[in-house]
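Subject: Handover of a structure and notes on it

Dear colleague,

Please find the structure below, together with its sequence. My notes on it follow directly after.

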Protein chains: 2
Amino acid sequence: MNILVVNAHPETKSFCSSLYQSAIATLTESGHTVTTSDLYSLSFQPVSDRHNFSSVKDPDYFKPQAEEIHAVEHGTFAPDLAAEMAKVEQCDLMIWHFPLWWFSVPAILKGWYDRVFAMGRFYGNGRFYETGMMRGKRAMLTLTTGGPVEAYQPGGFNGDMNGVLRPIQRGMFEFVGFSVLAPQVAYAVAHVSDQEREDLLEAYRARLRSIDNEAPITVGSY
Amino acid sequence: MNILVVNAHPETKSFCSSLYQSAIATLTESGHTVTTSDLYSLSFQPVSDRHNFSSVKDPDYFKPQAEEIHAVEHGTFAPDLAAEMAKVEQCDLMIWHFPLWWFSVPAILKGWYDRVFAMGRFYGNGRFYETGMMRGKRAMLTLTTGGPVEAYQPGGFNGDMNGVLRPIQRGMFEFVGFSVLAPQVAYAVAHVSDQEREDLLEAYRARLRSIDNEAPITVGSY
């Protein structure tokens, strides 16, 4: 498989970045072709604006989606975006590594999605969900949390993790046609022992060695 | 009241920005003290990293929350963050204006939250939800969508808007203690007539004239 591995943690020594590095190593050893987007290392700029484009459709009124369709037709996405778009289009599986910040992805990753997943290239013209343009590809979240697993159950302190992740897994991934693999959640990683962290890494590596054969989950709606 | 009015749309002529401008005008006319954060005009930088701080606790390992607590103790948040933090702390009501991008806020607004709502200053040490540090303040979302109202019902094309907004209203606002006012949602604003847009603005202005007396909603968990 061609696998795009994304990271959105600011610290290369963090456990999240260790999961990211483990994924690259394990998937490469398994014979896959691995492409990476380490967003902090790339100094990826997440603010969606006219810098997304090297041309202008309407200089007086910036409508992001209209400019996106114009850029699809004229091949005028900014070079940094064009490179990221090609990575997504060429992958069979996309895995995001990130710390859960405010029940969502860090801004650098939200902006990567805001800017890269352009209308007319990744969705639109009646192609959403079951008929989405990314159909046949799979996507997966690998995240770290501050709180413990008990906090993310239905009725728990922070509520069901499936609900927390639904706007991402349903609203981003399934919206454009990705099938979703079960999220890999490493809970409370700042509060566990070195041995437990090593066990979490090994469990992740073991899972990734047979990721080819894993069946998607049903995310469900709101 | 002291009211903090935030905007996260890149185009000043957009309907979202018109809602923002209407809020400033109406709330000022009603006698409130209005403070603003127009994030695109501010060129707000949403990537959370060492630029959040003017001092360093651990130069070898960047742990965002540990650095936040250090910055609270030493008064060493970066000036742009310190200014935004003061605005939040001084407000009685905070209103966000934004276009719904990928079932969430634009990256510039996510990063504003990631960076401004620092541990030790806005939450932590057992102060969350009902005992949150922002208790007594209210917060509200004013958003525009591409899809129509039918798409955002339970069982609808995109699913229940309350579920879409829960990670924000529950996971950001209520987590730090804000009471939540009902979201003001302007659906499919690119596809309605000028008269309908004017009606939406007038309904918003009418609501804001008596916002002092509005009771919070129950957001609910996942």
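In this predicted model, a turn of 180° with a shift of 0.0 Å along the axis lays chain B on chain A, with an RMSD of 0.0 Å. The two chains are therefore related by a two-fold axis. Within chain B, the residue whose C-alpha comes closest to that rotation axis is Ala107(B), at 2.4 Å.

The interface comes next. Chain A and chain B each bring residues to the contact: 45 from chain A and 45 from chain B. Of the interface residues of chain B, 100% are also interface residues in chain A, so the copies meet through the same surface. Between them the two chains bury about 3700 Å², and 66% of this area lies on carbon and sulfur atoms. On the side of chain B, the residues that lose the most area to chain A are Trp102(B), Lys110(B) and Tyr222(B), which together account for 21% of what that side buries.

As for charge pairing, how many salt bridges cross the interface of chain B and chain A? The rule finds 0 there, whereas a search of the whole structure gives 22 over all chains. One salt bridge within chain A joins Asp80(A) to Arg115(A), with 3.4 Å between the closest N and O atoms. This pair links distant parts of the chain, its members being 35 residues apart. Asp80(A) belongs to helix H3 (residues 79-90) of chain A, and Arg115(A) to helix H4 (residues 107-116) of chain A. As general background, side chains of opposite charge can pair when their charged atoms come close.

Finally, I turn to internal space. The count of cavities of 30 Å³ or more comes to 1. The largest cavity has a volume of about 100 Å³. Its lining is made up of 14 residues, of which Phe103(A), Ser104(A), Pro167(A), Ser104(B) and Pro167(B) are the closest to the centre. Which helices each supply at least two residues of that lining? They are helix H5 (161-173) of chain A and helix H5 (161-173) of chain B. By residue class, the lining of the largest cavity divides into 12 nonpolar and 2 polar residues, with no charged ones.

Yours sincerely

How values were computed
Residues numbered from 1 in each chain as written. Chains lettered and ligands numbered in written order. Predicted model: local features only at pLDDT ≥ 70, side-chain atom pairs only at ≥ 80, totals over all residues. Heavy atoms only, no water. 1 Å grid on protein atoms, 1.4 Å probe; cavity = no way out; pocket = protein on both sides within 12 Å on 5 of 7 lines; lining within 4 Å. Points joined across faces, edges and corners; volume = space filled by probe spheres on them. Helix = DSSP H or I, 4+ residues; strand = E, 2+ residues; numbered from the N terminus. Nonpolar A, V, L, I, M, F, W, Y, C, P; charged D, E, K, R; others polar. Least-squares fit on C-alpha atoms with pLDDT ≥ 70 in both. Contact = heavy atoms within 4.5 Å. Buried area = accessible area lost by both parts, 1.4 Å probe. Salt bridge = Lys/Arg side-chain N within 4 Å of Asp/Glu carboxyl O.
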